Amino acid sequence: MANIVDNFINVPNQKEEDFWTGSIIEHIRELAYTGKPTGIFNPSDSGNRILDKIYFKNMPLDLRSTLAGTEINFKGLELSVPLYLGDMSFGALSGNPNIAIARAAEITKTFAGTGEGGLLPEIRDNRRIYVQWASARFGVDYKTINSGSGIVIKIGQGAKPGIGGHLPAGKVTEKISRARRIPENIDAISPAPHHDIYSIEDLSQRIEALKIATGKPVFVKVAATNYIPYIVTGIARSGADGVIIDGQGAGTGATPEVIRDNLGIPIELAVAASHDALVRENLRDKFRIIAAGRVTGALDAAKLYALGADVVSMGTAILISMGCIMVRKCNLGFCPTALTNKIDGKRIYDVDFGINNIVNFITGFRLELAGILDNLGFNSIKELTGRKDLLAAKNISKGAADVLKIHAESNSTIMLDDFKPNKKYLNEIITKGEVPITSMGSTASPEVARPSRIIDFLRLDGAQVTRPPIDPYRENIDTSFYLAHGRIKIPMPVIIDASSEPEDVRSSLYWASMFTGSVIVDKSYKKGFKKMTILKNGNLLVKNNIRYGPAGGHGLDGFIIFPEKYQELRLSDLDINLKNNGTRYNFDLLVYLNNLRNTGDIIKYLALGADTIILNGGIFTDALNNNYSNLNEKALNFLIVIRRELALIAGAMGVSNLQYSVTGNRELMRGVNLDIDIESRIKVDEAGSL
């Protein structure tokens, strides 16, 4: 007999830092219970997120009245409040939640996205839905795109820029198989690019074709990435009616953890920069911006409207209002609240319970937003869009303030916490031998976990529209590197220093290296392995060394930058100085790391100028967590998964060869609220800047 979920489950105690804190969840649930706000909720005034550091000048946070109008006309739809209910697919959600969201949108006069999993018969006739046209075209046909009031061409999303959707095999049941027209029990991985959209011209043709076929407005959904102002202006010139910009940390049903935590930029910077670019190019009139990613409530929404958004999108907050307790098991199909569980008849979400909660939450959200408008002296929500003059900020970097174009009372300075290893991630790599998949929003630096290194402030680019991604699941990506002027070839830019590890660990790493061709550093030379010598002063020699470079090179092939607090600065300085004097390509620059949060660290050091990373073998030993069984298998998993993740990130960035496209390519990175002097020194721009 099925377990019907029709009430809230207690939220477990949070053991780790999380953006969706207990106070945020409690406030959302309170609105879902009552539909009545008790005040204007401020999610945080001490968090790391830039949006939390922005405030309305001279505006109290008390709920004086709720009389202001929040209604707008949006592309033919009369909205009670400018709110879009996410893009959550049938498959990621378990069916009944999709029905509840669509029906709640009708009742509240908002509108909702369907995601890429096709349409349930129960929501096909709902008018207030926007149907998604994604890269895999799951369940999409002429009848599908003519449902609802609009179409969303999904190019990218905030939780996984540069890669396609991912529905794990365990959730592809018979019902999902029929809706998506795919085989059961096989991973449904959408292609990274649309295979008919490889340029802005292709996108323009697709937009025109969909408009001719349906006569409906067409929006384009993209992740917030490095070139977002250019991308958005290109979309506007392509004939689209608007854009959905999805910021870093946005929720999802399944994504590789390494992509979620390293790619994309914050929604507030992306919206502000995109709005300004559209205004400057005279493209803003009639072109609409929907802002998505970590919108917790009315105050977040109001700030985003003021920064340039016309509508905000809420996905995770809507799920929390429906009962989500943030256990982050969406990808596994065992959701205790029946929102994202596998459709097997064992646990079923009650549709009426969901509708009631969403309606109450949106009612409370609307009243809270009206209270903010009243406090600002506005009669209508239309008066708020683009009003950056109402905003100020505290403790953000000068670079962030320049992108936002708002006054910052004080500029932040770099603050580094002690490093906390991601043992759960590393242990999963070595035990499962697979790229770790996760769900919901990111808990990574710099917005949640406090930065412990400069690279924690840096975010990688995701390819979309202006540069197509490369699908790492279907296409070859070259991760091999040549060192010492081609005398050493390694399968990936990673060397393992096993010299201080226990004998059994060293032996397992040697064994794994023979299968993968990897380089192992040890105290003693072992026959059959290439020999290199690391001098105590950090220089690198290779056997049968040949002198390169100018006089005084002393036959050295390169330099090793050993760990220190600002290791990134030493690397970047050396890379830039060698380039300036014309000798950079005479030497290899190797960075020695004592810790590793995930494979994204490696890519960031490469982009700052490193040719290869030397990982302290203690990283692998710590990941064992005192379990020394199956050491050979775990060592092999460690090396294989790092290589897979390097290829995954490269593909998401649109890079087919790591060495020639990533090494020293700082344009692949943006800083998020990083001290402007450091950004200038390492030659990395602020996120959102042109």
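Buried means under 20% relative accessible area, exposed over 50%, and partly exposed in between, with a 1.4 Å probe and protein chains only. The model is predicted, so local features need pLDDT of at least 70 and side-chain atom pairs count only at pLDDT 80 or more, while totals for chains, interfaces and linings use all residues. Residues are numbered from 1 along each chain as its sequence is written, and side-chain values use heavy atoms, with hydrogens and water left out.

**Exercise 1. Describe the salt bridges made by D456, and say whether the partners are buried or exposed.**

Start with the rule: a salt bridge is a side-chain nitrogen of Lys or Arg within 4 Å of a carboxyl oxygen of Asp or Glu. Side chains of opposite charge can pair when their charged atoms come close.

Step 1. R453 and D456 meet through their side chains at 2.7 Å, N to O. Both of these residues are buried.

Step 2. D456 also pairs with R597, here at 2.9 Å, N to O. R597 sits in the loop between β28 (588-593) and α17 (600-607), and D456 in the loop between β19 (437-438) and β20 (458-460), so this pair ties together parts that are 141 residues apart in sequence. Helices (H or I, at least four residues) and strands (E, at least two) are DSSP runs, numbered from the N terminus.

Step 3. Check the accessibility: D456 has a relative accessible area of 3% and is buried, and R597, with 14%, is buried as well.

**Exercise 2. Work out how K211 and D241 are joined, and how each one is covered.**

Step 1. Their side chains form a salt bridge of 3.1 Å, N to O. The pair links distant parts of the chain, with K211 in helix α6 and D241 in the loop between α7 and β12, 30 residues apart.

Step 2. Now compare with the cut-offs. K211 is partly exposed because its relative accessibility is 26%, whereas D241 counts as buried because its relative accessible area is 15%.

Step 3. Place the pair in the full tally, which comes to 37 salt bridges. Elsewhere, D575, K579, R584, D611 and R666 are linked in a network of such bridges.

**Exercise 3. Explain why helices α7 and α17 are described as largely enclosed.**

Step 1. In α7 (residues 228-237), eight of the 10 residues are buried, so the rest of the structure largely encloses this helix. Among the buried residues are I228, I231 and V232.

Step 2. Ask what covers them. The buried residues of α7 pack against α6 (200-214), β11 (218-223), β12 (242-246) and α9 (267-280), where contact means heavy atoms within 4.5 Å.

Step 3. Turn to α17, where eight of the eight residues are buried, so this helix too is largely enclosed by the rest of the structure. The buried residues include D601, K604 and Y605.

Step 4. Look just past each helix. G239, which follows α7, has a positive phi near 95 degrees, and G609, just after α17, takes a positive phi of about 125 degrees.

**Exercise 4. Find the surroundings of L509.**

Step 1. L509 belongs to helix α15 (residues 503-516). L509 is buried because its relative accessibility is 0%.

Step 2. Leaving out residues up to four places away in sequence, L509 touches I496, A498, I520, F620 and A635.

Step 3. For a distance check, the C-alpha atoms of L509 and V519 are separated by 9.6 Å, and these residues are 10 apart along the chain.
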